[in-house]
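Colleague: Hi! Could you walk me through this one while I have it open?
Modeller: Sure, ask away.
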Amino acid sequence: EEEANLLRLYVDQPGYVDLHWGMFVPAIKGQGTEEQQKKWLPMAYKFQIIGCYAQTELGHGSNVQGLETTATFDPSTDEFVMHSPTLTSSKWWPGGLGKASTHAVVYARLITEGKDYGIHGFIVQLRSLDDHSPLPGVTLGDIGGKFGSGAYNSMDNGVLRFDHVRIPRDQMLMRLSQVTREGKYVHSDVPKQLLYGTMVYVRQTIVADASKALSRAVCIAVRYSAIRKQFGSQDGGPETQVLNYKTQQSRLFPLLASAYAYRFVGQWLKWLYTDVNQKLEAKDYSTLPEAHACTAGLKSVTTSATADAIEECRKLCGGHGYLNSSGLPELFAVYVPACTYEGDNVVLLLQVARFLMKTVSQVAAGKQPVGTIAYMGNIQHLMQCKSAVNTAEDWLNPAAIKEVFEARALRMAVNCAQNISKAPSQEEG
């Protein structure tokens, strides 16, 4: 599986299989019952079906709770009726949907016995397996050209509408909650946060991908800077390599360091995701909020920084960086959507902020934080300590630098929490 992943990466072009492997299969693995996995995964692995992930709508992306597509249970036939009641409820953006996918994991409002139970996932067949034509009641197509000349245009991002399309009841993903034959809604004892397990997994892969994209851009810029000579010739001697200029180094070397940092943090997130999953199997939900905050925050930070860094690498290559043959314009156009998909970066940072504010209030109430925020438990020391970093040598001491960051992060969080507490309500604050 790991080798197949790398092979798809080296195709060097986004394509309809990315969402099949990256979201459709993980969604069934994470949210499907054992029976559902046994039925659907073998077909997906053999490419007898091609899947996509239909969550975002024309009217709502980041606000998943605001999605409008409905799945209404009809007990007389034991079926769900999938319907797009408004123009804004059209599914909009799913990769692989426009031309290729035969099936989708569709997120819709579950309605049974006249009550709306919120967003749930459903496996829905969209096209015939005989001639690939859309099934009755299903309207779909490609949403058109996107930024860049090639870039993401090899991905068939699509639009999808349902007109009272019926699916069997057992095509609701039922690991977290079920609807019985009689139409009763039944919760399992698994928390609804697991619904976002797929997104946690996908964000973890996005952080790893940031390192790959940044590595490529930096590699191009470093090689170019080593070859390109400009100015500095003495008495008709050779000009100076651009890489030897301090201005070039101060812009380029931090990006090189970041490429490594994102690689390491990508590997750490993979470990965190695995650890959280094992704990969830054992019905231990304690690390879930931290996993959310880490994946949301790191997805936001790494993708924003990488998009900016690819553009900086283009500038570091002078005029030649603007040529398509440098590889940088295409790399930039392919990469920038990462700042928006799987969570708008500013919205994700706000989620991290809420998590930090909650942690500050828990620390104030005497609760000891764990994991990446364990340092907040050292609040007495960190709020008063003076920096141990005074000399050049101190900067080579990781423990001293770590403490500086902890003190800074905690003081900013506490200051923010105090400001919010002065407002009439938390939300307004």
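Colleague: What are the helix and strand percentages over residues 6–50?
Modeller: Keeping in mind that this is a predicted model, the chain there is 71% helix and 0% strand. The end C-alpha atoms of that stretch are 20 Å apart.
Colleague: And which UniProt annotation covers residues 6–50?
Modeller: The record, an unreviewed entry, has "domain: Acyl-coenzyme A oxidase N-terminal" for those residues.
Colleague: New topic, backbone angles. What is phi at tryptophan 93?
Modeller: Phi of tryptophan 93 is near 110 degrees, so a positive value in a residue that isn't glycine. You'll find tryptophan 93 in the loop between β4 (91–92) and β5 (103–112).
Colleague: Why does tryptophan 93 count as partly exposed?
Modeller: Because its relative accessibility is 44%, and partly exposed runs between the 20% and 50% cut-offs.
Colleague: Where is aspartate 235, then?
Modeller: Aspartate 235 is in the loop between α4 (197–227) and α5 (246–281). Aspartate 235 also has a positive phi, about 50 degrees, without being a glycine.
Colleague: Is aspartate 235 buried or exposed?
Modeller: Exposed, because aspartate 235 has 82% relative accessibility, and the exposed class starts over 50%.
Colleague: Back to α5 for a second. How far apart are its end C-alpha atoms?
Modeller: They are 52 Å apart. With 36 residues at 1.5 Å a residue, α5 should span 52 Å, so the two agree.
Colleague: Nice. And which residue just after α5 takes a positive phi?
Modeller: That's lysine 283, with a phi of about 60 degrees.

How values were computed
Residues are numbered from 1 along each chain as its sequence is written. This is a predicted model: local features need pLDDT of at least 70, side-chain atom pairs count only at pLDDT 80 or more; totals for chains, interfaces and linings use all residues. Side-chain values use heavy atoms; hydrogens and water are left out. Helices (H or I, at least four residues) and strands (E, at least two) are DSSP runs, numbered from the N terminus. Buried means under 20% relative accessible area, exposed over 50%, partly exposed in between (1.4 Å probe, protein chains only). The expected span of a helix is 1.5 Å times one less than its number of residues. UniProt positions are given in the numbering used here, feature names are shortened, and annotations may be inferred rather than shown by experiment.
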